[in-house]
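Open the model in your viewer and keep the selection panel at hand. This tour goes stop by stop, saying what to select and what is there.

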Amino acid sequence: MIAAPLHGIGNKNGEGTGVNILIFEYPQDVNTEWQVHKLASNMHLTHNFEITESGDKSKSGFYLAGKEGVKFIKESSFTASNPEIDQLPGMDSAAGEIRIGKGFSKESFVATIEPMHGGNLVVYPGDAGHQSKILDDNLREGHALAIGDFLGNGSNQVVAGWRVPNRDSLVGIKLFVEKNGNGTGWDSHWIDRNGMACEDMKIMDLDQDGKPDIIASGRATHNLKIYWNKSGK
């Protein structure tokens with residue numbers, strides 16, 4: 001179990017004591033004490049992380065978004081005395097939300113909302129942090145991010161939601177679809193236009209028709225919605 005607090009003890013405005021990123025190791029006997037490993041304490045605000053698994057253990061671990069940008073912590077070093085923490089190239093901008101997807105080229109891409117509670121939805125084609133692409137700069141307090149193949153076209157789309165009215169006085173959720181093979185061109189489509197001040201969302205195939213659906217919650221709009229996926233046939 002991974003615990004990533006928002007800020008360190010006594011930390012004020014992202015300054016001071018760093019966040020303790022902790023791993024709780026699942027014991028053989030759940031009634032015994034869980035062993036705890038501290039992975040890092042040098043980030044001053046963290047907000048979200050994304051776990052990734054691979055047959056290559058060096059690529060398994062989790063991506064962590066925070067004030068100091070996006071870092072990758074390898075699974076192979078979770079219990080090491082000096083865990084390996086990689087700052088991803090080109091991804092040193094403060095970030096709040098983070099998700100990992102795969103495009104038409106089958107290469108991984110990283111999607112973030114920058115900065116924390118920020119207004120930019122950003123994609124980095126390639127898992128090594130290639131040239132970034134801003135998909136939308138008109139979010140306000142972006143607070144929800146998800147990845148999935150909602151259209152069944154073999155690549156992942158990005159869904160982003162925000163919770164405070166933007167420059168157009170709108171809240172909502174949008175779907176972003178890659179339109180070429182290199183991650184540089186994207187189209188956007190409204191999922192919910194001004195009916196959801198989106199605080200968070202989850203993706204699940206609720207009706208078991210093989211297509212992922214979206215479940216979203218809105219704090220300011222006091223609502224919970226399911227967006228049923230009716231794409232294709």
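Start with strand 12, residues 142-148, and add strand 13 to the selection. Six bridges join the two, and the strands run antiparallel. Keep in mind throughout that this is a predicted model.

**Strand 13 and its two partners**

Now select strand 13 alone, residues 157-162. How many of its six residues are buried? Six of the six are, so the strand is mostly covered, taking buried as under 20% relative accessible area. Side chains in a regular strand alternate between the two faces of the sheet. Colour the two sides of strand 13 separately. Q157, V159 and G161 are on one side, and V158, A160 and W162 are on the other. Both faces are covered, as every one of these residues is buried.

Next, zoom in on W162. Which residue of strand 12 stands opposite W162? It is G142. Then turn to strand 14, residues 172-178. Strand 14 pairs with strand 13 in the antiparallel sense, over five bridges. The bridge partner of W162 in strand 14 is G172. Show G142, W162 and G172 together: W162 faces G142 in strand 12 and G172 in strand 14.

**The open sheet at the start of the chain**

Move to strands 1, 2 and 3. They form an open sheet with the order 1-2-3 and antiparallel pairing. Strand 1 (2-3) and strand 3 (35-40) are at the edges; each has a single partner strand, so one side of each is left without a neighbour in the sheet. Select strand 2, residues 21-25, beside strand 1. Two bridges hold this antiparallel pair. For one cross-strand position, pick I2: it stands opposite I23 in strand 2.

**Three loop stops**

Most residues other than glycine have a negative phi, and most peptide bonds are trans. The next three stops depart from that.

- Select E114 and P115. The peptide bond joining them is cis, with omega about -20°. P115 lies in the loop between strand 9 (108-114) and strand 10 (120-125).
- Select Q208. Its phi is near 55°, a positive value in a residue that is not glycine. Look for Q208 in the loop between strand 16 (198-204) and strand 17 (213-218). Is Q208 buried or exposed? Its relative accessibility is 71%, so Q208 counts as exposed.
- Select H222. Here too phi is positive, about 55°, and the residue is not a glycine. H222 sits in the loop between strand 17 and strand 18 (223-227). H222 is exposed, with a relative accessible area of 72%.

**Zoom out**

Finally, select the whole chain. How many helices and strands does it have? The count is zero helices and 18 strands. The radius of gyration is 18 Å, close to the 17 Å that the globule rule gives for 233 residues, so the chain is as compact as a globular protein of that length. Align the view to the principal axes: the C-alpha trace spans about 50 × 40 × 40 Å.

Colour by burial next. Of the 233 residues, 48% count as buried. Switch on the accessible surface. It comes to about 12000 Å², with 49% belonging to carbon and sulfur atoms. In a contact map, take the contacts with a separation of 6 or more: residues 24 or more positions apart account for 38% of them. Last, display the charged side chains. There are 23 positive and 30 negative ones, and the centres of the two sets lie 5 Å apart.

Notes: Residues numbered from 1 in each chain as written. Predicted model: local features only at pLDDT ≥ 70, side-chain atom pairs only at ≥ 80, totals over all residues. Heavy atoms only, no water. Helix = DSSP H or I, 4+ residues; strand = E, 2+ residues; numbered from the N terminus. Rg over C-alpha atoms; globule rule 2.2 N^0.38 Å. Buried < 20%, exposed > 50% of the residue type's maximum accessible area, 1.4 Å probe, protein only. Contact = heavy atoms within 4.5 Å. Areas by Shrake-Rupley, 256 points an atom, 1.4 Å probe, with all protein chains shown as cover. Lys, Arg positive; Asp, Glu negative; His and termini not counted. Charge placed at Lys NZ, Arg CZ, Asp CG, Glu CD. Pairing = 2+ DSSP bridges.
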